[in-house]
Amino acid sequence: RDTAVALVFYYFAVDCFFAQGLRPGVPAESPAMVFATPTKVVSEAGSTVEYLGTNRVPDLQRLFQTSDGVPIHLKRGVPDKLLYRTTMALTIGGALYCLVALYFAAQPNKK
Amino acid sequence: MAHQAHAYHMVDPSPWPLTGAIAALLMTSGLAVWFHFHSTTLMILGTILLLLTMFQWWRDVVREGTFQGHHTPPVQKGLRYGMILFITSEVFFFLGFFWAFYHSSLAPTPELGGCWPPTGITTLDPFEVPLLNTAVLLASGVTVTWAHHSIMEGERKQAIQSLTLTIALGFYFTFLQAMEYYEAPFTIADGVYGSTFFVATGFHGLHVIIGSMFLAVCLLRQIHFHFTSEHHFGFEAAAWYWHFVDVVWLFLYISIYWWGS
């Protein structure tokens with residue numbers, strides 16, 4: 001009975017990774033090269049022809065679902081780190097600048 | 001391999017609430033410093049920090065939902081409640097300005113000439129540009145609904161086209177309204193008429209710009225395949241907000257432009 005309960009929880013938890021269907025731990029295959037495909041008219045090709053780029057979501061899902069303990073706001077690596085550091089520098093610098101400005105603003109007006 | 005035995009979203013630690021709070025501090029103190037010491041540095045710094053916070057926070061929400069799958073049905077329900085409550089708070093925000101308008105216009109004081117519109121005010125003809133603006137926003141309501149149905153039916157190209165058209169109509173409204181503001185025969189300083197007119201329509205225009213930005217982000221996400229026919233709450237939230245903006249305009253048009261002229 002305990003095994004049955006555990007199984008129910010397991011399937012429920014796996015269902016929780018629904019989104020576009022990429023499950024953790026399942027390696028995704030890269031798409032086959034399509035350079036050899038002859039040119040088609042849009043009406044012949046149907047819905048499979050490209051319109052404004054290819055779907056890179058499965059690649060991004062793989063990237064963001066790696067179990068490396070990195071928080072979401074840094075998970076893309078260098079660009080995230082740069083933007084975070086810039087933002088934090090402005091936050092701390094700005095807060096200090098604000099306190100100084102408020103200190104001077106609070107001084108009585110000597111006439 | 002399961003990491004959690006429930007469907008709810010336990011978020012990673014994030015610095016954005018702190019940076020957002022500091023941004024609010026800098027913007028408000030910056031406003032005071034601008035008024036008293038004529039320096040805009042602090043206020044501009046606060047605004048930049050706010051923009052950085054919004055960009056990164058919402059980028060993270062997209063990553064958590066679309067790329068990590070955290071937006072399960074119960075989580076999405078919470079997001080829906082959240083958006084509905086936010087729009088409700090915005091309704092109350094506008095209610096205040098409509099209250100101010102009706103307070104002044106239903107019982108015009110002797111200082112105004114005892115009439116509404118007040119003596120000396122040349123109002124805008126409601127059947128010229130304001131009527132066009134009404135048509136533009138109503139049309140954009142149709143195109144955003146078309147975009148929604150296209151997304152639900154998996155029609156990628158139509159979704160992109162109708163969403164682009166919606167955004168274009170939003171920009172057209174903003175452009176027309178900006179021209180009206182420039183050409184208007186009265187200003188915000190022209191008594192209570194000017195105050196109520198420009199504050200109410202001004203905040204509305206700001207919301208049109210915000211709504212257009214929200215829709216533009218949805219367009220980018222649609223182009224990048226983020227939305228599925230079953231799951232596209234970001235778009236639905238944008239569409240709700242857009243309809244809200246449209247409805248506020250209809251009330252503005254009927255009350256201030258038409259009845260108030």
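This is a short walk through a predicted model, going from one annotated stretch to its nonpolar cores and then to a network of charged residues.

**Stop 1: the annotated stretch.** Start by selecting residues 4–261 of chain B. UniProt, in an unreviewed entry, marks this range as "domain: Heme-copper oxidase subunit III family profile". Colour the range by secondary structure and you'll find 76% helix and 0% strand. Now pick the C-alpha atoms at its two ends: they sit 61 Å apart.

**Stop 2: the largest nonpolar core.** Next, show the side chains of Phe197(B) and Phe235(B). Within the largest nonpolar core, which has 48 residues, these two touch the most other members. To see where the core comes from, select these helices of chain B: H3 (73–106), H4 (129–152), H5 (156–183), H6 (191–223) and H7 (233–259), each of which gives two or more residues. Which helix gives the largest share? That's H7(B), with 15 residues.

Stay with Phe197(B) for a moment. Leaving aside residues up to four places away in sequence, what does Phe197(B) touch? Select Leu124(B), Tyr181(B), Phe186(B), Gly202(B), Ile256(B) and Tyr257(B), and you have its contacts.

**Stop 3: a second core.** Now jump to Ala95(A), Ile22(B), Ala23(B) and Leu49(B). They are among the ten residues of another core, separate from the one you just left.

**Stop 4: charged partners across the chains.** The count of salt bridges over all chains is six. For one of them, select Arg59(B) and Asp80(A), whose closest N and O atoms are 3.4 Å apart. Arg59(B) is in helix H2 (residues 41–67) of chain B while Asp80(A) is in helix H4 (residues 78–105) of chain A, so this pair links two chains.

Are these two buried or exposed? Arg59(B) has 14% relative accessibility, so it counts as buried. Asp80(A) is buried as well, at 3%.

Keep Asp80(A) on screen and add Arg63(B): their side chains also form a salt bridge, 2.7 Å from N to O. Arg63(B) belongs to helix H2 of chain B and Asp80(A) to helix H4 of chain A, so here too the pair joins two chains. Arg63(B) is buried, with 5% relative accessibility.

**Last stop: the whole network.** Go back to Arg59(B) and add Asp60(B). This salt bridge has its closest N and O atoms 2.8 Å apart, and Asp60(B) is buried at 3% relative accessibility. Finally, show Asp80(A), Arg59(B), Asp60(B) and Arg63(B) together: through shared partners, their salt bridges join them into one network.

Technical notes: Residues numbered from 1 in each chain as written. Chains lettered and ligands numbered in written order. Predicted model: local features only at pLDDT ≥ 70, side-chain atom pairs only at ≥ 80, totals over all residues. Heavy atoms only, no water. UniProt positions renumbered as here; feature names shortened; annotations may be inferred. Helix = DSSP H or I, 4+ residues; strand = E, 2+ residues; numbered from the N terminus. Core = buried A, V, L, I, M, F, W, Y, C linked by side-chain atoms within 4.5 Å. Buried < 20%, exposed > 50% of the residue type's maximum accessible area, 1.4 Å probe, protein only. Contact = heavy atoms within 4.5 Å. Salt bridge = Lys/Arg side-chain N within 4 Å of Asp/Glu carboxyl O.
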